[in-house]
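I wanted to go through this model by hand and write down what I looked up. The entries follow in the order I made them.

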Amino acid sequence: MTGEPWSTGFARGADGVVSVAGVDVHTLAATHGTPAYVLDEADLRSRARSYRRAFETAFAEIGAGVDVYYAGKAFLSVAVARWVHEEGLRVDTATGGELAVALRAGIPGADIGLHGNNKSDDEIARALEAGVGRIIVDSLVEIDRVADAASVDHPAPVMVRVTTGVHAGGHEYISTAHEDQKFGLSIAVPSHFHYGDLVLGSAEADSPAMQGLLKVLSRPELKLLGIHSHIGSQILDPSGFEVAARAVLTLRAELAKKTGVLVEEIDLGGGYGIAYLPGEVALDPDRIAKDIASSVASSAHDLGTPLPRFSIEPGRAIVGPAGMTLYTVGTVKPVRVDKASVRTYVSIDGGMSDNIRPALYGAQYHAELVGRLSDEPTVLARVVGKHCESGDIVVHEVQVPSDVRAGDLLAVAATGAYGRSMASNYNHVPRPPVVSVADGQSRVLVRRETEDDLLALDQG
Ligand code: LLP
């Protein structure tokens, strides 16, 4: 899983025309229009399998079980939920909406987890009704809220989300375990701190994370499954996982010492990084699974506690590389940057409404002309969208053939994760369809929105 940002079914013919899983891009554009998200089913399934097998194998070697949850926030549709479930994964949801998709797909409640730092009463009630396998509670307030919605006869299975102080991943907004952010209960921060001249709390008080665990144990309507830690996203340096896992295992041992309760499960979250650009190296599931397994085995050994069951929640690593976005070029404009240089602005028929990641995180992408061959030398181009602001950039810098022109098909690689799932209707642009390809056939998973869809919401 290194080197190229394209899915494994991506192939360029001698005529320069690209096909994905045997369907050429001209056929895709003619059948489904552009822009369109194109999802390579076999590639997605094989990434799901690779993660599951890699972790099962590595954790079996240390004598521990492991479950892999697909993080649906990266992209969720009924078909994708079914595919990952067929590949032996469970489904992690973060809202009532994602839960609804998983249930519509027929995923058994027991194989679904529900996250969220501010779940509504309605979301909690629906999760309990569906019999979800776990609710990951995020605050002390929420622990009572979930307990109040459950009953002693049917206790709600919960994990407590904690933060370990480990900060990892591509961008501050997507790194979730450092202290000054909204998720989880802190292990690292003591419960006493200075506020001006005041000292609040006491040095002897439990950490917020420990308080959360004790609170769950104090409510008979809750069953404490374990502890959850997610440290960030698009992580390419795996050491953060090991440091966080050690912190969580230590907390587990401390809880056992205090209460005699040794929780059964630890979830290490998602965040496994992928390649967005040619030459970038994704995390290798076999490697990372082995490293994490041997590190947790030695942590548990040092702590003198038996190993728990583990779970992980990859999203991007399963669906990101399986997807690309197919666009049609509309205009090409040379723009003088300074006295010595010109940049070629290539406008496509989508933009920040179908891929907000460059504008939001400064994310970098790779694009290629996919509909024909060109022997022309390349020029430095910027791929921009059709929205009314200059930050509407999809690819900041990429070399494209100098004869790039209106009507060319252009594809942007590795847009499967957080593309459609974060898409908007900015400028009343309808969201593109998600089309899957497999064995020479294409199929619409999520249809294109229409202006009528948008107007149907407008009450006049
Ligand atoms: N588990 C939890 C609790 C999470 O919060 C997340 C992502 C995941 C799993 C999956 O992480 P992944 O394996 O996909 O990195 N919109 C941002 C990413 C936000 C990630 C939020 N949480 C982006 O486009 O980069």
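**Entry 1. Ligand contacts.**
I started with Arg316 and found one of its backbone N or O atoms 2.8 Å from an oxygen atom of the ligand. The model is a predicted one, and I read each distance below with that in view. Next I took Gly271, where a polar backbone atom is 2.8 Å from an oxygen atom of the ligand. For Ser233 the contact comes from the side chain: a polar atom there lies 2.3 Å from a ligand oxygen. I then looked up the cover, and the protein takes up 93% of the 580 Å² of accessible area that the ligand has on its own.

**Entry 2. The shell.**
How many residues surround the ligand? I noted 19, and the closest are Ser233, Glu313, Arg316, Arg357 and Tyr418. I sorted the shell by residue class and got six nonpolar, seven polar and six charged. I also asked where the ligand lies with respect to domain 1 and domain 2. Domain 1 is made of 10-40 + 322-457 and domain 2 of 64-319; both give residues to the shell, so the ligand lies between them.

**Entry 3. Tyr418.**
I came back to Tyr418 since it is listed among the closest residues to the ligand. Tyr418 sits in the loop between strand 23 (409-413) and strand 24 (434-438). Is it buried or exposed? Its relative accessibility is 15%, so I entered Tyr418 as buried; the cut-off for buried is under 20%. I checked its backbone as well: phi is positive, about 60°, although Tyr418 is not a glycine. Most residues other than glycine have a negative phi.

**Entry 4. Asp439.**
Asp439 is another residue other than glycine with a positive phi, here near 50°. I placed Asp439 in the loop between strand 24 and strand 25 (441-446). With a relative accessible area of 75%, Asp439 goes down as exposed, whereas Tyr418 went down as buried.

**Entry 5. Gln234 and Ile274.**
I looked at Gln234, in the loop between strand 15 (232-233) and helix 8 (239-259). Gln234 has 12% relative accessibility and therefore counts as buried. What does the side chain of Gln234 reach? I found the backbone oxygen of Ile274, at 2.9 Å. Ile274 belongs to the loop between strand 16 (265-267) and helix 9 (285-303). At 3% relative accessibility, I recorded Ile274 as buried. I also took one long distance from Ile274: its C-alpha atom is 34 Å from that of Leu213, with the two positions 61 residues apart along the chain.

**Entry 6. Helix 5.**
Helix 5 covers residues 121-130, and I listed Glu123, Ile124 and Ala127 as buried in it. Looking down the helix axis, I saw the buried residues fall within an arc of 100°, so they line one face of helix 5. Which exposed residues does the face turned away from the buried side carry? Asp121 and Glu129 are the ones I noted there. Ala125 is in helix 5 too, and at 38% relative accessibility I put Ala125 down as partly exposed. The C-alpha atoms of Ala125 and Gly96 are 9.9 Å apart, for a separation of 29 residues along the chain.

**Entry 7. Helix 3.**
For helix 3 (residues 78-86) my list of buried residues reads Ala79, Val80, Ala81, Trp83 and Val84. After helix 3 comes Gly88, with a positive phi near 90°.

**Entry 8. Helix 1 and the cis peptide.**
I looked up His32, which is in helix 1. His32 has a relative accessible area of 16% and is buried. Its C-alpha atom is 9.2 Å from that of Arg443, while the two residues are 411 apart in sequence. Further along I found a cis peptide bond joining Thr34 and Pro35, with omega about -5°. Most peptide bonds are trans. Pro35 is in the loop between helix 1 (25-32) and strand 4 (36-40).

Note on methods. Residues are numbered from 1 along each chain as its sequence is written. This is a predicted model: local features need pLDDT of at least 70, side-chain atom pairs count only at pLDDT 80 or more; totals for chains, interfaces and linings use all residues. Side-chain values use heavy atoms; hydrogens and water are left out. A residue is near a molecule or strand if one of its heavy atoms lies within 4 Å of it. A polar contact is a pair of N or O atoms within 3.5 Å; within protein, one must be able to donate a hydrogen and the other to accept it, and residues adjacent in sequence count only if both atoms are side-chain atoms. Accessible areas come from the Shrake-Rupley method with a 1.4 Å probe; for residues, only the protein chains shown count as cover. Ala, Val, Leu, Ile, Met, Phe, Trp, Tyr, Cys and Pro count as nonpolar, Asp, Glu, Lys and Arg as charged, and the others, Gly among them, as polar. Domain bounds come from an automatic or database domain assignment. Helices (H or I, at least four residues) and strands (E, at least two) are DSSP runs, numbered from the N terminus. Buried means under 20% relative accessible area, exposed over 50%, partly exposed in between (1.4 Å probe, protein chains only). The arc is that of the directions from the helix axis to the C-beta atoms.
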